[in-house]
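User: I have a model open here and would like to talk it through with you. Could you take me from the overall picture to the side chains?

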Amino acid sequence: MTDNIENLVLEHLRAIRVDMGSIKDDVREIKSRVNTLEAGQATIIQQIGHLTGMAA
């Protein structure tokens, strides 16, 4: 009976490890995409500042 419980716990831990790996990959991708958005936003802000300076 104890072996069955230990195996069940190990199975759950393995499943959690697989899920955590997937979550890590997703978070890594999200961070990358947010960084890209931030860089794009900074470029837009610079362009607006440049246009404002030209208009003044």
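**A chat about the model**

Analyst: Let me begin with one pair of side chains: Arg33 and Glu29 are both in helix H1, four residues apart, which is about one turn of the helix. Please keep in mind that this is a predicted model.

User: Ok, what do Arg33 and Glu29 form, and how far apart are the closest N and O atoms?

Analyst: Arg33 and Glu29 form a salt bridge, in which the closest N and O atoms are 3.7 Å apart.

User: And are those two buried or exposed?

Analyst: Arg33 is exposed, its relative accessible area being 55%, whereas Glu29 counts as partly exposed, with a value of 43%.

User: How many salt bridges does a search of the whole structure find?

Analyst: The search finds two. Besides the pair just described, Asp25 forms a salt bridge with Arg28, and there the closest N and O atoms are 3.1 Å apart. Asp25 and Arg28 are three residues apart in helix H1, again about one turn of the helix. As for their exposure, Asp25 is partly exposed at a relative accessible area of 44%, while Arg28 is exposed at 53%.

User: Let's zoom out. How many helices and strands does the chain have?

Analyst: The chain has one helix and zero strands. With a radius of gyration of 24 Å, well over the 10 Å that the globule rule gives for 56 residues, the chain is therefore more spread out than a compact globule. Taken along the principal axes, the box that the C-alpha atoms fill is roughly 80 × 10 × 5 Å.

User: What share of the residues counts as buried?

Analyst: Of the 56 residues of the chain, 0% count as buried, and the chain exposes about 5400 Å², of which carbon and sulfur atoms supply 62%.

User: Which residues make the nonpolar surface patch?

Analyst: The patch, about 680 Å² in area, is made by Ile5, Val9, Leu10, Leu13, Ile16, Met20, Ile23 and Val27.

User: Take Val27, then. Where does it lie, and how exposed is it?

Analyst: Val27 lies in helix H1, which covers residues 2-55, and Val27 is partly exposed, with a relative accessible area of 38%. A residue counts as buried only under 20%, so Val27 falls in the class between buried and exposed.

User: Last one, on charges: how far apart are the mean positions of the positive and negative ones?

Analyst: The chain has 6 positive and 8 negative charges, and the mean positions of the two sets are 7 Å apart.

Note on methods:
Residues numbered from 1 in each chain as written. Predicted model: local features only at pLDDT ≥ 70, side-chain atom pairs only at ≥ 80, totals over all residues. Heavy atoms only, no water. Helix = DSSP H or I, 4+ residues; strand = E, 2+ residues; numbered from the N terminus. Rg over C-alpha atoms; globule rule 2.2 N^0.38 Å. Buried < 20%, exposed > 50% of the residue type's maximum accessible area, 1.4 Å probe, protein only. Areas by Shrake-Rupley, 256 points an atom, 1.4 Å probe, with all protein chains shown as cover. Lys, Arg positive; Asp, Glu negative; His and termini not counted. Charge placed at Lys NZ, Arg CZ, Asp CG, Glu CD. Patch = residues over 30% accessible without salt bridge, like charges linked within 9 Å, V, L, I, M, F, W, Y side chains within 5 Å. Salt bridge = Lys/Arg side-chain N within 4 Å of Asp/Glu carboxyl O.
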